[in-house]
Amino acid sequence: LIYCYRKPKTKRAKRFLEKREPKLKENTKNAMLIKGGNANLTVTEVLKDIYAVKKPFAVLYKKKNITRPFEDQTSLEFFSKKSDCSLFLFGSHNKKRPNNLIIGRMFDYHVLDMIELGVEKFVSLKDVKNSKCPEGTKPMLIFAGDTFDVNEEYRRLKSLLIDFFRGPSVPSIRLAGLEYVLHFTALDGKIYMRSYKVLLKKSGCKIPRIELEEMGPSLDLVMRRTHLASDDLYKLSLKQPKALKPKKKKNISHDVFGTTYGRIHMQKQDLSKLQTRKMKGLKKRPAEKSAEDDGARPKRSKSD
């Protein structure tokens with residue numbers, strides 16, 4: 001037998017391999033942004049702005065890479081394994097498909113699904129002179145348009161965009177941290193991406209008045225080619241380990257409103273021995289006491 005796996009020789013290599021091992025709760029997904037061999041200035045600026053939005057969970061490859069993801073996916077899979085990234089955004093430009101972006105994700109270091117988008121209009125971060133959000137801000141994602149729920153390709157694109165921009169999972173949220181909005185609108189065969197900064201202004205009460213200020217980048221996109229995973233492979237990628245599934249608790253049920261009901265099993269109580277509040281009105285009369293005592297005592301025979 002020939003084993004391809006070699007044991008790490010240093011502690012640093014051991015820690016590196018441990019980070020890549022499967023976990024019950026996976027790390028935040030990283031994205032790699034790759035520039036094609038014939039990328040123009042618009043595509044380069046788009047990749048830079050998306051990298052600024054996605055940081056620190058992104059890797060930007062500045063050198064040009066001559067590859068065509070829809071024809072050959074080996075280079076994407078190589079970069080994915082090298083940088084440990086499960087999301088990618090590839091930018092290219094040619095006469096047939098100008099200002100082209102390919103967004104996709106990996107499963108087990110193989111391409112799961114990817115969608116090709118064309119950039120028709122672009123406003124960069126530096127063109128909008130308003131204040132920006134700090135690096136690493138978790139965005140709020142808003143999707144508008146019935147197409148995201150009706151069309152299968154748009155439904156998969158929505159899932160892809162959520163995966164790409166969602167950021168890390170957090171246990172709690174504070175109001176001041178909700179300061180960045182990414183808005184996607186599907187209308188007339190186009191996808192409009194807009195980003196806003198949330199401003200909390202005084203309103204005269206506890207609840208602040210909310211205003212949205214355009215921050216950039218903004219993109220007008222059109223869908224081109226798609227490469228979607230089969231239903232079986234897609235379900236396999238969504239499968240969760242048994243340890244993460246909540247265990248069913250006995251005698252607990254929930255109604256449609258989310259109220260929890262529990263059933264408790266107890267032995268039958270003897271209410272005659274129940275301790276009640278001591279009041280004059282509840283005291284037993286002498287006649288009642290004597291009657292109880294007579295009933296409790298065993299009857300004696302006449303011979304005794």
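**Helix faces, a helix pair and some unusual backbone angles**

Let me begin in a loop: Pro56 sits between α2 and β2, and the peptide bond that leads into Pro56 from Lys55 is cis, with omega near 5°. I should say at once that we are looking at a predicted model, and that every angle I quote is computed from it. A second cis bond joins Gly216 and Pro217, with omega about 0°, and Pro217 too is placed in a loop, the one between β9 (209–214) and β10 (218–227). I point these out because most peptide bonds are trans, just as most residues other than glycine have a negative phi.

That brings me to the positive phi values. Asn99, in the loop between β3 and β4, has phi near 45°, and this residue is buried, its relative accessible area being 16%. Asn251, which belongs to the loop between α6 (231–238) and β11 (252–254), has a positive phi of about 60°, but Asn251 is partly exposed, with a relative accessible area of 41%. Asp84 also takes a positive phi, of about 55°, and does so just after helix α3.

Now to α3 itself, residues 74–83, and to the question of which of its residues are buried. They are Leu76, Glu77, Phe79, Ser80 and Ser83; seen down the axis of α3, these fall within an arc of 160°, so they line one face of the helix. The spacing is easier to follow if we recall that an α-helix has 3.6 residues a turn, so residues three or four places apart point the same way. On the other side of α3, Phe78, Lys81 and Lys82 are exposed, and I would draw your eye to the phenylalanine in that list. The cover over the buried residues includes helix α1 (11–20) together with the strands β1 (31–36), β2 (58–65), β3 (87–92), β4 (100–107) and β5 (110–123).

Returning to α2, residues 41–54, we find this helix packed with α5, residues 152–165, at an angle of about 65° and with the two axes 10 Å apart. Ile50, Val53 and Lys54 make the contact from α2, and Asp163, Phe164 and Phe165 make it from α5; by class, these residues divide into 4 nonpolar, no polar and 2 charged.

Finally, the annotation: an unreviewed UniProt entry lists residues 29–232 as "domain: Brix". In this model the end C-alpha atoms of that span lie 22 Å apart, and the span is 22% helix and 41% strand.

Methods: Residues numbered from 1 in each chain as written. Predicted model: local features only at pLDDT ≥ 70, side-chain atom pairs only at ≥ 80, totals over all residues. Heavy atoms only, no water. UniProt positions renumbered as here; feature names shortened; annotations may be inferred. Helix = DSSP H or I, 4+ residues; strand = E, 2+ residues; numbered from the N terminus. Buried < 20%, exposed > 50% of the residue type's maximum accessible area, 1.4 Å probe, protein only. Arc of directions from axis to C-beta. Contact = heavy atoms within 4.5 Å. Axes fitted to C-alpha atoms, helices over the stretch in contact; angles between N-to-C directions. Nonpolar A, V, L, I, M, F, W, Y, C, P; charged D, E, K, R; others polar.
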